[in-house]
Amino acid sequence: MAATMKGPGIFLAQFAGDAAPFNSLKSITKWAAGLGYKGVQIPTWDGRLFDLKKAAGSKDYCDEVKGVCAEAGVEITELSTHLQGQLVAVHPAYDSQFDGFAPAEVHGNPKARQQWAVEQMLFGAKASKNLGLKASVSFTGALAFPYLYPWPQRPAGLIEEAFAELGKRWKPILDAYEDAGVDIGYEIHPGEDVFDGATFEMFLDAVGGHKRCNINYDPSHFLLQQLDYLAFIDIYHERIKAFHVKDAEFNPDGRQGVYSGYQGWVNRAGRFRSLGDGQVDFGGIFSKLAQYNYDSWAVLEWECCLKHPEDGAAEGAPFIQHHIIRVTERAFDDFAGAKPDRAALRKVMGIEG
């Protein structure tokens, strides 16, 4: 059945701030709508915009949130739990950095921080259900990523044990999302244990092929890895439940390649760019997603090492709108066809009787 994706949407995380119009849901949604966006993806950790715990326990609060969005002229695309999902699994090497994603009372206590993250994810399932959403977006976290490069040699079984533990932690969360009727679209992202197709398959196996274990497709992370992001859609389209429209470029030279030499974003061989300023083939991506009847949202995630965010946001809505393909409901050559006639068909093929 023909399906056309929804959009344009915008992920609010990179725009939220302490100054108006970015400091409240009411004002930021009006700003987004004024730029031409039809949907907003809400970062659930930002109390200036949203109260996740309250949303999990109060349908009335969720109706108020939807009302604020509707008054501005936008819908909620998904709830984002990227930061909380990251904390479901944290390697000790990153403890001090990731403590900043959690409340002060769990800092320095990895076990308490993980419990807080799991609770947050469960709130996300209930809140999504209360809002009438069918998908959410998140990260898997990581236990093995520091061992990405196989030197020094990894201890035998380390990766298998890491993914087994990752599956053990996420399976009950995914069960809660199943109960809520909500998919988790994991953003496949370096820094997470799930950073490409092969690792997604390993994670999917670890959670028993769970139907709620899905993908938030973001081609920018694939271009920087030099992964074939169009073929990825061919392989995994049945699991793609969300779409971050983000651009990137990769310019290797005699000094840098994929790892980009510890350079800052401006000087990296691989860097994120505003929509249309990078190298991602969005024409190919939107065509592939249309081919496979992707009918959820196309959501701008703005990250750019050069352009001002407000300019990137202003350019993003028309860029996405231009690329969304209104999927046809009939073949272009239907006018030349006729109703099938078995006798005529057999005659065409020279079959008697």
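How much space lies in the largest cavity? Hi everyone, let's start there, and please keep in mind that this is a predicted model. The answer is about 30 Å³. The count of cavities of 30 Å³ or more comes to one.

So who lines that space? Around the largest cavity you'll find A3 and M5, then F286, A290 and Y294, and finally I325 and V327. By class, that lining has seven nonpolar residues, with no polar and no charged ones.

Now, on to the packing. The largest nonpolar core has 94 residues, and the members that touch the most others are I10, F50, W170, Y217 and F243. Helix 7, residues 158–180, gives this core its largest share, with nine residues.

Let's stop at W170 for a moment. Leaving aside residues up to four places away in sequence, W170 touches G85, V88 and M121. W170 also contacts S138, F139 and T140, together with I184, Y186, F203 and V207. If you have the structure open, W170 is a nice place to center the view, as one of the residues touching the most other members of the core.

Last topic: the cysteines. How many disulfides does the structure hold? Zero. Take C62, which is in no disulfide: the nearest cysteine sulfur belongs to C69 and is 11 Å away. For a disulfide, the two sulfurs would have to be within 2.5 Å.

And is C62 buried or exposed? C62 counts as buried, because its relative accessibility is 0%. C213 is buried too, with a relative accessible area of 0%.

That's my tour, thanks for listening!

Notes
Residues are numbered from 1 along each chain as its sequence is written. This is a predicted model: local features need pLDDT of at least 70, side-chain atom pairs count only at pLDDT 80 or more; totals for chains, interfaces and linings use all residues. Side-chain values use heavy atoms; hydrogens and water are left out. On a 1 Å grid over the protein atoms alone, a cavity is a set of points where a 1.4 Å probe fits but cannot get out, and a pocket is an open set with protein on both sides within 12 Å along at least five of seven lines; lining residues have an atom within 4 Å of a point. Grid points are joined across faces, edges and corners, and a volume is the space filled by probe spheres set on the points. Ala, Val, Leu, Ile, Met, Phe, Trp, Tyr, Cys and Pro count as nonpolar, Asp, Glu, Lys and Arg as charged, and the others, Gly among them, as polar. A nonpolar core is a set of buried Ala, Val, Leu, Ile, Met, Phe, Trp, Tyr and Cys residues joined through side-chain atoms within 4.5 Å. Buried means under 20% relative accessible area, exposed over 50%, partly exposed in between (1.4 Å probe, protein chains only). Helices (H or I, at least four residues) and strands (E, at least two) are DSSP runs, numbered from the N terminus. Contact means heavy atoms within 4.5 Å.
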